[in-house]
Structure formats: structure tokens, C-alpha cells
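Biologist: Hi! Could you bring up the model so we can walk through it together?
Modeller: Sure, here it comes.

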Amino acid sequence: MNLKIALIVLLLYLSFGSTSCKKEELTEEEKEWEQDLHEYDTGNQGLKDHFNNIDYFDMGVAIPASFVDNTAKTALIKRHYNSITAENDMKWSSLQPQEGSFNYTNADKIVSFAAANGIKIRGHCLCWHNQVPDWVFKDGTALATKEQILERLHTHITTVMTRYKGKVYAWDVVNEAIDDGSRTYRPSQWYSMCGEDYIIEAFRAAREADPDALLFYNDYSTIVPAKRDKIYDLAVKLKAENLIDGLGLQGHWSISFPSDDLIKQALDKFKSLGLQIQITEMDVSVYPSPSDPESEYTAEVEQQLTAAYDRFFTAFRSYSDVITSVTFWGLADDKTWLDNFPVAGRKNYPLLFDTGLRPKKAYFEITDF
Ligand code: G3I
């Protein structure tokens, strides 16, 4: 009997005594982290509340249609985001894989989920060199003519935008048409067969199909001066014909790039256009160099990621007069395109939520202002 009591006392000591001991050992930083998590778990505020679109901007996320069937993921989306982009399901090869044969199943699924939850949709993307079927540039086994290609472009844009009129508020009309090197335009099939006319025609068709939709040109490396200036020149040209409403800056950045100066120079330059700016594909690679080998996600790396996110969002908030939306290219670290780019199978941790959908330190950092 006495032994039983002694055992119970020992167990009580081990569970309560050791916990209180452990609590006393927590550093200030650990206590703050526990407090942050406690407030997160007991509260219901999300990114969209912190960055409310009146003072700051919409907060968006890119998702595949399959997420709509996942309760944990939809709960996270509904808590944090007031804008959704289809990661792949509104691209040409998804919507019109064969000429005249449109498949809206996945895109509709995302649009219905967004509508049912009062979430806006950014359309992505109507004309791109990637994820566009070969038939667009072919006539049987021969090459199609410029006229044929432009007509197909017109038909695709008109059909898709008409279907989603009033549901998709903004479209990336042309994606990644500017060259990374010394050329002005990327030597894509679009460009080599149509010259820059395809860009103008895409925007004309989009304006005509839904005059109320906001039309964007979207690209990456927009803060790199040489590319930035070419994007600026294209925007000037499109704006002169009232064909563009905004620039989409993708934001596939890393823990060490870009610098505050480069961000500021780009945002100042784009702001002078008098167009909206949206950050359309935000993620922050934990690998400073594209060829870095896979490494563990250590506390030190997490700290670097947190610091980078802090820098980027401090900049975005200071341009909130022109930045109208910031979209993350992925929901959480369990599924990111960066796991397979630029190195196939190299695990990356570029988002605000971890592989278990829990908020990371970067989440608390950017919402603490
Ligand atoms: O749908 C097939 C599936 O049937 C097949 O089993 C699977 C096997 O690999 O592939 C699936 O297709 C993949 C598709 O994503 C859907 O997951 C493609 O291989 C893969 O190449 C494709 O990658 C997408 C990439 O665009 C294509 O260039 C990424 O998910 C998507 O995040 C990425 O998004 C682009 C933006 O649209 C534009 N800016 C850059 C950004 C990142 O590349």
C-alpha cells in the first residue's frame, strides 16, 4: 500500500515537478514562441486580417484544385487568405488541351470554393510560353501561320474570360515574355512566330472580353535592373493604349536575394507608371544559390528565412499605396514547386506554414508590426 502511494507521489512529481522545472528553463525567446503559438491556436485572426486590404493589401495563395477536398487545407486557406490563384488549373494546357475542347472541371472547382467563401480569384495565366499545347503553333504537321496563332490566342482568351466574367477580378494576361538576357523579348514560339504583336493582341482580346477585369503583365526577376527596365518599357507601351492595369511581380526570392535597395529601386520605378503592383508568386528559397545541395532546415536557416520575410514585407507595407495584393506561391512547406526546382527532389521550406500546416516564425514576424 505504502509502495503504491510512493509510486503515485513519484509519478506526480515527474509529471508536474519536471514540467514546472522545464518551464523555468525556457529562454525569453522560447516563452515568446509558446505565447505566439498559444495566441494563434486560441484566436482566429489570419494574414488577411493583419494586412487588411484597406490599409495594406489582399493576401493570396496559389493552390491546385485538389486542396478544395482537404479539410485541414481549406481551414487554413479560409483563415488567412482573401485571394486565390489557380497554381496550374487555369493555364492553357489545363483549360484547352485540344483545339476547341475546353475542360473547366478543376478551374470551376477552385472558383466555386472561392465564391462560397467570399474569396477573390486572380486568373493565371492566359498566354505563356510554358504549359501551352503544341497544337497552338501547328497546322497539321506544318507550322501554323501568324494569323492562325493570333486567332487561336483571341479565341482562347475570349472563351476563358467570358466564362469567368464577374468571377475572376484580375488576369495575368501575358506571363514571362521578357528575356532574361540581352534580347528584349524571350525567343518563345509565340515571339518567333508572331513578334511582339502577340502581346498586344492578348491584351486587346482580354480588354474586349471583360472590360471590368484588371489586366496584368506578370514576370519574375522584375527587380533585376536590366529586366526591370524592359518590363517598364513594355508597360509604358501597353498603358499608352489603355491595355494594362497592373504589373505582377512574381517574388520567387531567396533568404539572401534581393537586397532592400533593388526592391526599392524597382518599386519606385514601377510605381511611377501609375499602375497597380501585385506580388503574385511569393516564396523564399532557403538555398541562397540555385545549386546548393540539400540541407537540413535548422534553427539558423529558419532565422534567416524569418529575417528575409521581415525585410520583404516591411518593403511591401511601405508601398501599400500601390501594392494591392500579395500572393504566396503555395500554402505550406508540404507542397511547393521549389521541391523540384531548380534541383529535382531537393526539399525546400519557402512558405509561412510548415509541413504540418503550422505557422512558422516568419508568420509571426511579418504580422508583428
Ligand atoms: O499534371 C501532371 C501529372 O499528371 C503528373 O503525374 C505529374 C508528374 O510529374 O506531373 C503533373 O504536372 C506537373 C504540374 O506542375 C502539376 O503538378 C508538371 O510536371 C510540372 O512541370 C508543373 O509545374 C508547374 C510549373 O509552373 C510549370 O512550369 C508548377 O506546379 C507551378 O507551380 C509553376 O508555376 C509557375 C507559374 O505558373 C509562373 N511563374 C513561375 C512558376 C513557378 O515555375
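Biologist: Thanks! Let's start with one strand residue: what does Trp253 stand opposite in β10?
Modeller: Trp253 stands opposite Val284 in β10. Keep in mind as we go that this is a predicted model.

Biologist: Got it. Which strand pairs with β10 over 3 bridges?
Modeller: That is strand β9, residues 252-254, and the pairing is parallel. β9 and β10 also belong to a right-handed β-α-β unit, with α11 as the helix.

Biologist: And which strand does β10 join over 4 bridges, running parallel, apart from β11?
Modeller: Strand β8, residues 246-249, is joined to β10 that way. Look for Leu249, whose bridge partner in β10 is Ile279.

Biologist: How many residues of β10 are buried?
Modeller: The count is 10 of its 10 residues, so to speak a mostly covered strand.

Biologist: You mentioned β11. How does β10 run relative to it, parallel or antiparallel?
Modeller: Parallel, with 4 bridges joining β10 (residues 276-285) to β11. Ile279 turns up again here, since its bridge partner in β11 is Val326. Further along, Met282 has Phe328 as its bridge partner in β11.

Biologist: What lies between those two strands in their β-α-β unit?
Modeller: Helix α12, residues 299-318, and the unit made by β10, α12 and β11 is right-handed.

Biologist: Is β11 mostly covered or mostly open?
Modeller: Mostly covered: β11 spans residues 323-328, and 5 of its 6 residues are buried.

Biologist: Which other strand pairs with β11 in the parallel sense?
Modeller: Strand β1, residues 58-63, pairs with β11 over 4 bridges. Asp58 stands opposite Ser325 in β11, and Met59 stands opposite Val326.

Biologist: Which residues of β1 are on each side?
Modeller: Asp58, Gly60 and Ala62 are on one side, while Met59, Val61 and Ile63 are on the other. Those residues are all buried, and both faces of β1 are covered.

Biologist: Why do they split up like that?
Modeller: In a regular strand, side chains alternate between the two faces of the sheet.

Biologist: Nice. Where does the chain go after β1?
Modeller: First, the pairing: β1 is joined by 4 bridges to strand β2, residues 83-86, and the two run parallel. The chain crosses from β1 through helix α4 (residues 71-80) to β2, in a right-handed β-α-β crossover. As an example of the pairing, Gly60 has Ser83 as its bridge partner in β2.

Biologist: Let's change topic and look at helices. Where is Ala266?
Modeller: Ala266 is in helix α11, residues 260-271.

Biologist: Is Ala266 buried or exposed?
Modeller: Ala266 counts as buried because it has 24 C-beta neighbours inside 10 Å. Beyond its neighbours within four places in sequence, Ala266 is in contact with Thr222, Ile223 and Arg228.

Biologist: How far apart in space are Ala266 and Leu357?
Modeller: They are 33 Å apart, C-alpha to C-alpha, with their positions 91 residues apart in sequence.

Biologist: What about Ala107, which helix is it found in?
Modeller: Ala107 is in helix α6, residues 105-116. Ala107 is buried too, because 24 other C-beta atoms lie within 10 Å.

Biologist: And what does Ala107 touch?
Modeller: Not counting residues up to four places away in sequence, Ala107 touches Ala86, Asp89, Met90 and Leu95. Ala107 and Met90 are 5.9 Å apart, C-alpha to C-alpha, and 17 residues apart in sequence.

Biologist: Which residues have the most contacts inside the largest nonpolar core?
Modeller: Trp171, Val173, Ala202 and Ala206, in a core of 95 residues. Helix α9, residues 197-209, gives the most to this core, with 7 residues.

Biologist: What is Ala202 in contact with?
Modeller: Leaving aside neighbours within four places in sequence, the list is Leu126, Cys127, Leu153, Ile157, Val173 and Val174.

Biologist: Last topic: which residues are around the ligand?
Modeller: Glu87, Asn88, Asn130, Gln131, Asn175, Gln250, Glu281 and Trp337. This shell divides into 1 nonpolar, 5 polar and 2 charged residues.

Biologist: And how many helices and strands are there in the chain?
Modeller: The chain has 13 helices and 11 strands. Of its 369 residues, 40% count as buried.

Technical notes
Residues are numbered from 1 along each chain as its sequence is written. This is a predicted model: local features need pLDDT of at least 70, side-chain atom pairs count only at pLDDT 80 or more; totals for chains, interfaces and linings use all residues. A residue is near a molecule or strand if its C-beta atom, placed from the backbone, lies within 6 Å of it. Ala, Val, Leu, Ile, Met, Phe, Trp, Tyr, Cys and Pro count as nonpolar, Asp, Glu, Lys and Arg as charged, and the others, Gly among them, as polar. A nonpolar core is a set of buried Ala, Val, Leu, Ile, Met, Phe, Trp, Tyr and Cys residues joined through C-beta atoms within 7 Å. A residue is buried if 20 or more other C-beta atoms lie within 10 Å of its own, exposed if 12 or fewer, and partly exposed in between; C-beta atoms are placed from the backbone. Two residues are in contact if their C-beta atoms, placed from the backbone, lie within 7 Å. Two strands pair if DSSP finds at least two bridges between them. A crossover is right-handed if, with the strands pointing away from the viewer, the path from the first strand over the helix to the second runs clockwise.
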